[in-house]
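Reader: I would like a close look at one part of this model, the sheet, together with what packs against it. Please keep the account connected.

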Amino acid sequence: MRRIGIVVLAVALVLAGCTTDTGDGGEDGRPGKVDGIPTAQGTHKQKLDVGTVGHREYLLHVPAKVADGEWRDGRPAEKPALVIALHGGLATMDKMAEMSGFTKQSDENGFLVAYPNGFMTTWNAGDCCGAAKLGDIDDVGFLTKLIDKLTGAGLADPKRVYVTGFSNGAGMAYRMACERPGKVAAIGVVEGALVTECDPGEPVSAMIFHGTADGSVPYNGGGNRDFNDRRPFPPVSKAVEFWRRTAGLPEPDKQVRALTGDTECQSTGKGRRGVAVTFCKINGGGHEWPDRAGAMLWDFFAAHPRPE
């Protein structure tokens, strides 16, 4: 009986990771699904097999500009960009979709946005955080597989894949740039810290937001990296310096117009291969997603495709 129970559980897990092709296609040759991925306008809850027991989940938002645009041979004639937006610790993909504003930006600008779920509401960003770190969860592998799934299906442009996140998710964005720079054109970091060993071997564009009054990930460093790790977070200046030096860029001294109040943004400008680093200091800002940060991040992403 125990063996039968194990078999039933295994079959149930396999079925849980499957989706049925019930979507209707559109005009101009758009199929209902491509490689199991819905193509209709809207936000679709998806499951991804990562080669372990169970599956990982993500939300995929497809804007009307993609769904109703021109399709050729069952794929978008012009592959859209892809933004992967990572929630903070003890949050979810739904929360990130709600607070980040990327769904609105997607609709206005015609890019895909994916909101993945972490492991037990956390991401393994290196020295942080929680269950994902303790379980040594391969979140780099999960996000890489997600990128490969969407670009391999011909639904997104592999040269315009961007990873952004808040807090623990921001740390995960750093880790993706550190370990998979060939997959990521640029990263967007909001109230996060670089807490993983990093030797990317090639430059990655980065836009970094941090509030001076952040009590969870202090602007000048401090606090505890995790519930079981009392080492302090490094200051945000360490990450800014790291990414600009990796790209051989000057100090960020070029003013960038900020859309959020009490925010000062400065950029290095584009260096070799078009890479840039922009830092936005939010005076008095706490541990929260800044108003209109999504719009500013998209403008930065759109200007920084992956270097040739």
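Which residue in S9 stands opposite Val83?

Author: The model is a predicted one. In it, Val83 stands opposite Tyr162 in S9. Strand S7 (residues 82-86) and strand S9 (residues 161-166) run parallel and are joined by five bridges.

Both strands belong to an open sheet of ten strands, with the order S3-S4-S8-S7-S9-S10-S11-S14-S13-S12 and mixed pairing. Its edges are strand S3 (42-48) and strand S12 (254-256), each of which pairs on one side only. On average, neighbouring strands of this sheet are turned by 20° against each other, direction ignored.

Towards the S12 edge the pairing is antiparallel. Three bridges connect S12 with S13 in an antiparallel arrangement, and Val256 has Cys265 in S13 as its bridge partner. The two strands form a hairpin with six residues between them. Asp262, in the turn, has a positive phi of about 55°. S13 is also joined to S14, by five bridges, and these two strands run antiparallel as well. Here the bridge partner of Glu264 is Lys281 in S14. Side chains alternate along S13: Thr263, Cys265 and Ser267 are buried and point to one face, whereas Glu264 and Gln266 point to the other and are not buried.

Two helices lie across the sheet. Helix H6 (residues 139-152) crosses S3, strand S4 (56-62), S7, strand S8 (112-116) and S9, and runs at about 40° to S4. Helix H9 (residues 293-302) lies across S7, S9, strand S10 (186-190), strand S11 (205-211), strand S13 (263-267) and strand S14 (277-282), at about 160° to S11. The loop between S14 and H9 holds Arg292, whose phi is near 70°, a positive value in a residue other than glycine. Arg292 is partly exposed, with a relative accessible area of 46%.

In soluble globular proteins, nonpolar side chains tend to be buried together. The largest nonpolar core here has 51 residues, and Ile84, Ile187 and Trp243 touch the most other members. Helix H7 (residues 168-179) gives the most to this core, with seven residues. A second, separate core of 27 residues includes Val83, Ala85, Ile282 and Met296. S7 thus has Ile84 in the largest core and Val83 and Ala85 in the second. Beyond its neighbours within four places in sequence, Ile187 has contacts that include Val163, Ala173, Tyr174, Ala177, Met207, Phe300 and Phe301.

The largest pocket holds about 450 Å³ of space. It is lined by 30 residues, and those closest to its centre are Gly89, Cys128, Cys129, Ser167 and Asn168. Helix H3 (93-100), helix H5 (130-134) and H7 each supply at least two lining residues, with H3 giving the most, three residues.

Backbone geometry in the loop between S8 and H5 deserves a note. Most residues other than glycine have a negative phi, and most peptide bonds are trans. The peptide bond from Cys128 to Cys129 is cis, with omega near 20°, and Cys129 is found in that loop. Thr121 lies in the loop between S8 and H5 too. Its phi is near 70°, positive in a residue other than glycine. Thr121 is partly exposed, with a relative accessible area of 28%.

Definitions and conventions:
Residues numbered from 1 in each chain as written. Predicted model: local features only at pLDDT ≥ 70, side-chain atom pairs only at ≥ 80, totals over all residues. Heavy atoms only, no water. Pairing = 2+ DSSP bridges. Helix = DSSP H or I, 4+ residues; strand = E, 2+ residues; numbered from the N terminus. Axes fitted to C-alpha atoms, helices over the stretch in contact; angles between N-to-C directions. Contact = heavy atoms within 4.5 Å. Core = buried A, V, L, I, M, F, W, Y, C linked by side-chain atoms within 4.5 Å. Buried < 20%, exposed > 50% of the residue type's maximum accessible area, 1.4 Å probe, protein only. 1 Å grid on protein atoms, 1.4 Å probe; cavity = no way out; pocket = protein on both sides within 12 Å on 5 of 7 lines; lining within 4 Å. Points joined across faces, edges and corners; volume = space filled by probe spheres on them.
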